[in-house]
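Good morning, colleagues. Please look at the sequence and the model on the screen while I speak.

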Amino acid sequence: MSTPRYAYFQGKIVPYAEAKVGVMTHALNYGTACFGGMRAYWNDDEAQLFIFRPLDHYTRFLNSAKLLWMEFDHTPESLTALTVELLRKEGEQQDMYIRPLAYKSAEAIGVRLHDLTADLTIFAVPFGRYVDNEEGTHATFSSWRRVDDNSIPARGKISGSYVNSAFIKTDAMLAGYDEAIVLNQAGHVSEGSAENLFMLRGGVVVTPPVTEDVLEGITRRTLMTLLRDEMGLEVHERVIDRSEVYLADELWFCGTGVQVAAITRVDHRPIGNGRMGPVVGELRKLYFDVVRGKVAKYRHWNQPVFVKEAVAAV
Ligand code: PMP
């Protein structure tokens, strides 16, 4: 992956090489940071780059910061405007990944959240697939458990808690799987290392509720809308047992990075007939059209970067 040309850093857009922090930075030592991750999709027909649901991503981002006792003079709208400016400066005409990061910038020793300065940075890089196998992911149940709401809240995208995700991902990959499904402390299905999980069983779509130690995913919310309003399916948020996963007709991960990935095997057991099913197949197609700005009804989720349609949604 290439490095960005620019970054928003200490209040302005600077060359990426100038966006540096000292080794004593609190966030680097203690994981006291939170981040976001959104995508911008290039639409060839319109010669336009569209950021997908930036206001929702930045609302969650500021909420994660709030959990960490960080306050900024920013709103989801102002951060979206900054991101548009940054992407215009990068000038790329291809799919991009955007990473906002809020961090305890104080160069200070001592674990705490209070009485520490904080800052935020944004950078963006060209980005394609996150997992190689989006049409036939082989997942395993991780032997690690998801961080608990009373340890590090999974609903916040808190940097320190991604050590939990890193354990999960590395162990799954070293064991020959693409990804892992993680159980929470209660032994219920939560999510993947960096993606939410959906299952189709008996014609009904099911995903764990946000109280099951999952990130409140924007893709999750998007898919719930598309499944209900475009595909006419019932979507239930309820607790899922491990053994239900093995018996699912269809199963998929979703997230900004992974997009919508069909899980066709779990721990060597085929899901359904072991091939990508019709529901997730159709959902993927719809999702890719929506994120690229090709569905008029959902155009309000697509923030254009290059002028023409001004920065209307901001
Ligand atoms: N769960 C976790 C742990 C994640 O890191 C992500 C990626 N941000 C998701 C779920 C999916 O969230 P979103 O759809 O907002 O990208």
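How many nonpolar, polar and charged residues does the shell around the ligand have, by class? The shell has five nonpolar, seven polar and five charged residues; Ala, Val, Leu, Ile, Met, Phe, Trp, Tyr, Cys and Pro count as nonpolar, Asp, Glu, Lys and Arg as charged, and the others, Gly among them, as polar.

A word on sources. This is a predicted model, in which local features need pLDDT of at least 70 and side-chain atom pairs count only at pLDDT 80 or more, while totals for chains, interfaces and linings use all residues. Residues are numbered from 1 along each chain as its sequence is written, and side-chain values use heavy atoms, with hydrogens and water left out.

Now the ligand itself. Among the 17 residues around the ligand (a heavy atom within 4 Å), R60, Y162, E191, T219 and T256 come nearest. Three polar contacts (N or O atoms within 3.5 Å) involve ligand oxygen atoms: the side chain of R60 at 2.6 Å, T219 at 2.5 Å and T256 at 2.6 Å. On its own, the ligand has 390 Å² of accessible area (Shrake-Rupley method, 1.4 Å probe), and the protein covers 96% of that area.

Which elements each supply at least two residues of the shell? They are α2 (54-67), α5 (218-230) and β14 (250-255), where helices (H or I, at least four residues) and strands (E, at least two) are DSSP runs, numbered from the N terminus.

Terms used. A polar contact is a pair of N or O atoms within 3.5 Å; within protein, one must be able to donate a hydrogen and the other to accept it, and residues adjacent in sequence count only if both atoms are side-chain atoms.
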